[in-house]
Amino acid sequence: MSVDLRARLGHAVLPNPIMTAAGCGGAGRELGRFFDVAKLGAFVTPSIAPEPRAGRPAPRLAETPSGVLNSTGLQGPGIDVFLTRDLPWLDQQGARAVVSIAGNSIEDYAEVAARLADAPGVTAVEINTACPNVGDRGLMFAAHPMAAAEVVRAVRAHTRRGVPVLAKLSADVTDVVGVAMACADAGADGLSMINTLHGMVVDTTTLRPRLAGVTGGLSGPAIRPVAVRCVYQVHAALPEVPIVGMGGVRTGLDALELVLAGASAVAVGTANIHDPSASVRILRELETALRERGIARLADAVGLAHKPAGTLIRRIDPNVGVGEPTEQETLQ
Amino acid sequence: MTDSPVQVPGTLLTLRRAGAYHTMTLVAPGVAERFRPGQFVALAVGGEQSSMLLRRCFFVREVKPDYGGTIEIVFSVRGKGTGWLAALRPRDIIDVAGPLGRPFPLPRDPVTCVLLGVAHASAALFPLAAVLRQRDCRPCFLLGGAGSDDVLGARGARRAGDSVAVATRDGSLGSAGQVEDLLPELIETAGADVVYACGPLDTLRTVTRIAAGYGIPAQVAVEEPMACGTGVCMACALPVVGDDGATHMVRTCVEGPVFRGERVRWDDVGTIPFDALGAPRALRLGERP
């Protein structure tokens, strides 16, 4: 049985649902040394700001149980170098580039979006809403539905109609559904979730914070249940809005979990640090997992966890490694 | 970037303990044949379901063509990850990515080279010495460490080098003091044309200054902690002056680990220099906030 893995995000149809997560896969060339980046559904770039950014001082990374805490400060080349060096490379490889954009003001986001509008090879734009808003005492845009919606509106206005705009949300809010609804109302074609969770590590030998930036963003399998919860809640509230699920995905079954919760596509982040060929492996594993469960189309599995037990699924015997389809099948 | 690295399941061949160090030989086909001196490998630790997500990076001390290609690394147990490595047994499988990073540039002419290494970082110098020998260069070793236990490969250096001098901080082997204190005399007596060095940042900074004083290049391999080894995580950024004269925060694992010593802004390591490309705007000189 061949599995139809196509994933739809607004106007964009991806051949498969696996992407890299912004800032976790380099600019493309790094992972391109280990596998063909065009094999992925999409390649998500690090967050691009109008100007180059040097990032934060070292130490920038700390290992935590099943997680990584980072404070890299969105080091990046800025939009000019990105457009002349990184984006053309992805285009040459035949990769579908989803460009993550960052800024400290609405104008920053609008500027980057406008520059991208004329560039070839942009499959989608993803807004990193976890940046500090200088106009609001450095509070991140994602923290407030109105601020997040304003960014989405500005980026949507500067992006071509056929290019979907995804709003990447933070789970560090009281009501992620409220922010998601505000972004969707403002014109977001899809939602990416979740960004890293705010965390901190104190070194018990030096008796000081482990990161130079003191606090950082927590990622990795440690945060996966939070991601699954957010995707589930938002899909329940906005079933028609496609979601890119991310947060601690390490295996094909992890990816499937997010799909069942409501994600139309899945991004692989911290796993790339641990295993540079993780995303292509996860793609293979996801396809096998779907086949084992008798699911012929990925789209059929999206949000399945919301439906009553027994819907659309051929049960597999957990003891059988390769799932032969069984007779017990109930269609909706 | 040079030839593409590979990611292979490495098979543990031998694991020996010598002094403070563990020496591990892995069968890692594809890594050994691509390897050039100065490059490193990144190992995943803790097995497939590991809770330790960062890779551990090690310089390669030796490669051999046996069994389809073996690599030898040297490490000391400093945490859970290296503890896991030290407890492995022959035939255990370890995920290896490599060879990674920019190798040592090699001289075109048969010149005299000083190879200065401190503690386990000296490992990177041994494959370099072998290649220099093939090019009729004269490698002269300077090895250092905290104590005699901490000096790596003094015996091997006698075979591989034209001369070996050792210094330990506690004076238990060779002369007492920092190994870089021996550098000026060696440069003068041997008539050295280039210095290769590998060790802690303080040592590399001093080596760079001394080499500059004699007007000879210093090629240094930096041990800045790396977390992925492949260039995706941005943990190992170092302030380095580029060909354009501007300071860039560059990744040790991709643009390094070998740098020309005078290009690294040693005094600013651990900071974002105010004049670095993309440094926070409010701190940049001559610009109103």
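**Figure 1. Pairing of G144(B) with A167(B) in the predicted model.** The bridge partner of G144(B) in strand β9(B) is A167(B). This view, like those that follow, is taken from a predicted model. The pair belongs to the ladder between strand β8 (residues 138-145) and strand β9 (residues 163-168) of chain B, two strands that run parallel and are joined by six bridges. Helix α4 (residues 154-160) of chain B completes, together with β8(B) and β9(B), a β-α-β unit that is right-handed.

**Figure 2. Pairing of β9(B) with strand β10 (residues 175-176) of chain B.** β9(B) and β10(B) run parallel, and two bridges join them. Within this pairing, T168(B) stands opposite A176(B) of β10(B). β9(B) is also joined to β8(B), by six bridges.

**Figure 3. Surroundings of T82(B) in helix α2 (residues 80-86) of chain B.** T82(B) is found in this helix. With 17 other C-beta atoms within 10 Å, T82(B) lies between the limits of 12 or fewer for exposed and 20 or more for buried, and is therefore classed as partly exposed. Apart from neighbours within four places in sequence, the contacts of T82(B) are R56(B), F75(B), S76(B) and V77(B). Of these contacts, R56(B) is 26 residues from T82(B) in sequence, yet the two C-alpha atoms are 7.9 Å apart in space.

**Figure 4. Helix α6 (residues 224-237) of chain A and its cover.** The 14 residues of α6(A) should span 20 Å at 1.5 Å a residue, and the end C-alpha atoms are 20 Å apart, so the expected and modelled spans agree. Buried residues of the helix are R224(A), A227(A), V228(A), C230(A), V231(A), Y232(A), V234(A) and H235(A). Among the elements of chain A that cover these buried residues are the helices α5 (176-185) and α7 (252-261), together with the strands β12 (190-193) and β17 (243-246).

**Figure 5. The side of chain A that touches chain B.** Contacts between the chains involve 32 residues of chain A and 28 residues of chain B. On the chain A side, at least two residues each come from α1 (29-32), β5 (61-64), β6 (67-70) and α8 (271-274). The most is given by α8(A), with three residues. By class, this side of chain A has twelve nonpolar, twelve polar and eight charged residues.

How values were computed
Residues numbered from 1 in each chain as written. Chains lettered and ligands numbered in written order. Predicted model: local features only at pLDDT ≥ 70, side-chain atom pairs only at ≥ 80, totals over all residues. Helix = DSSP H or I, 4+ residues; strand = E, 2+ residues; numbered from the N terminus. Expected span 1.5 Å × (residues − 1). Contact = placed C-beta atoms within 7 Å. Pairing = 2+ DSSP bridges. Right-handed = clockwise from strand over helix to strand, strands pointing away. Nonpolar A, V, L, I, M, F, W, Y, C, P; charged D, E, K, R; others polar.
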